[in-house]
Amino acid sequence: MVTKGRQRVIPPAVVSRTATVERYGPGEGARDFVPGDFILAHRHHVIARFISLAQKRRFKGTDAGYAHWSHTALVVETDGTLVEAEISGVRQNPISRYRAGEYHLVRLGSEFSPDARARAVAYAKAQVGQGFGFLDMFGVSLYLIFGWPVRLTRRGHEICSGLVVRALQAGGLVPHLDPLLTLPADLAKLYDVRP
């Protein structure tokens, strides 16, 4: 399915007055997880490098640091289990797989109610087993490189940021974001997550 439309401008809105961000470096690990929060990570494989490089075309000047983030995943269990879209598809994985590198945990705070969090988690868990959104990634690449807001998608396929955005939207957050044109840097900017 191909959808063309106007570029969506993210309005300067306060996402959450109670959201906080915590940095965890190599060997460190977060604790006290609340399902519905999410992480931003910097990964070191070919697609991650491409994502960071492409994001740098749009995020410049004081926003350049946001392009550092090449991956995002939703916390779905109190033990830190994540649901994330990777090249192999949408999977549940332990957060411990990020201990060797750097990640930031975005704690959404009390404004993201337990019921809203449950909806976000339910959405993410329902996507486990789906394929990776290579077509989605191609569409968002065209947007980043050329500025063309072409939305390419295939049912049952997700990219990491689209998965997190849709999950948060299932819980009532970030209704202004377009899951097909949002990348990790967009979430980083929205919550002011800097490396």
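This is a short walk through one protein chain, from the overall picture down to a buried aspartate, some aromatic rings and one helix.

Okay, before anything else: what you're looking at is a predicted model, so please keep that in mind as I go.

Let's start with the whole chain. We have 195 residues here, and 52% of them count as buried. The chain is built from 5 helices and 10 strands. If you take contacts between residues at least 6 apart in sequence, 77% of those join residues at least 24 apart. As for the outside, the accessible surface is about 9200 Å², and carbon and sulfur atoms make up 56% of that.

Now let's zoom in on Asp-37. Where does Asp-37 sit? You'll find Asp-37 in the loop between β2, residues 20–24, and β3, residues 38–41. And is Asp-37 buried or exposed? It's buried, because its relative accessible area is 2%, and the cut-off for buried is under 20%.

So what does the side chain of Asp-37 do in there? One partner is Arg-117: the two side chains make a polar contact at 2.9 Å. The Asp-37 side chain also reaches the backbone nitrogen of Leu-108, again at 2.9 Å. Both of those partners turn up among the residues in contact with Asp-37 beyond its sequence neighbours, and that list also includes Ala-73, Leu-74, Val-75 and Leu-105. One more distance, if you want to find your way around: Ala-19 is 18 residues from Asp-37 in sequence, and their C-alpha atoms are 9.4 Å apart.

Step one residue along and you're at Phe-38, which brings us to the rings. How many aromatic pairs does the structure hold? There are 3. Phe-38 pairs with Tyr-191, edge-to-face, with 5.5 Å between centres and 70° between the planes. This pair links distant parts of the chain: Phe-38 belongs to strand β3, Tyr-191 comes in the segment after α5 (184–190), and they're 153 residues apart. Both rings belong to buried residues, with Phe-38 at 0% relative accessibility and Tyr-191 at 9%.

Then there's Tyr-98 with Tyr-103. Their planes are at 65° and their centres 6.4 Å apart, so that pair is edge-to-face too. Tyr-98 is buried at 7% relative accessible area, and Tyr-103 is buried at 1%. Add Tyr-24 and you have one aromatic cluster of Tyr-24, Tyr-98 and Tyr-103.

Last stop, helix α2, residues 114–126. Let's do a quick check on its length. With 13 residues at 1.5 Å each, α2 should span 18 Å, and its end C-alpha atoms are indeed 18 Å apart, so the two agree.

Which residues of α2 are buried? They're Ala-116, Arg-117, Ala-120, Val-121 and Ala-124. And yes, that's the Arg-117 that holds a polar contact with Asp-37. Looking down the axis of α2, the buried residues fall within an arc of 135°, so they line one face of the helix. The general rule behind that kind of pattern is that an α-helix has 3.6 residues a turn, so residues three or four places apart point the same way. Turn to the other side of α2 and you'll see Asp-115 and Ala-126 exposed.

And what covers the buried residues of α2? The cover includes β4 (71–75), β5 (82–86) and α4 (160–170).

That's my tour, thanks for listening.

Key:
Residues numbered from 1 in each chain as written. Predicted model: local features only at pLDDT ≥ 70, side-chain atom pairs only at ≥ 80, totals over all residues. Heavy atoms only, no water. Helix = DSSP H or I, 4+ residues; strand = E, 2+ residues; numbered from the N terminus. Buried < 20%, exposed > 50% of the residue type's maximum accessible area, 1.4 Å probe, protein only. Contact = heavy atoms within 4.5 Å. Areas by Shrake-Rupley, 256 points an atom, 1.4 Å probe, with all protein chains shown as cover. Polar contact = N/O pair within 3.5 Å; in protein donor to acceptor, adjacent residues only side chain to side chain. Phe/Tyr/Trp six-rings, centres within 6.5 Å; stacked < 30°, edge-to-face > 60°. Expected span 1.5 Å × (residues − 1). Arc of directions from axis to C-beta.
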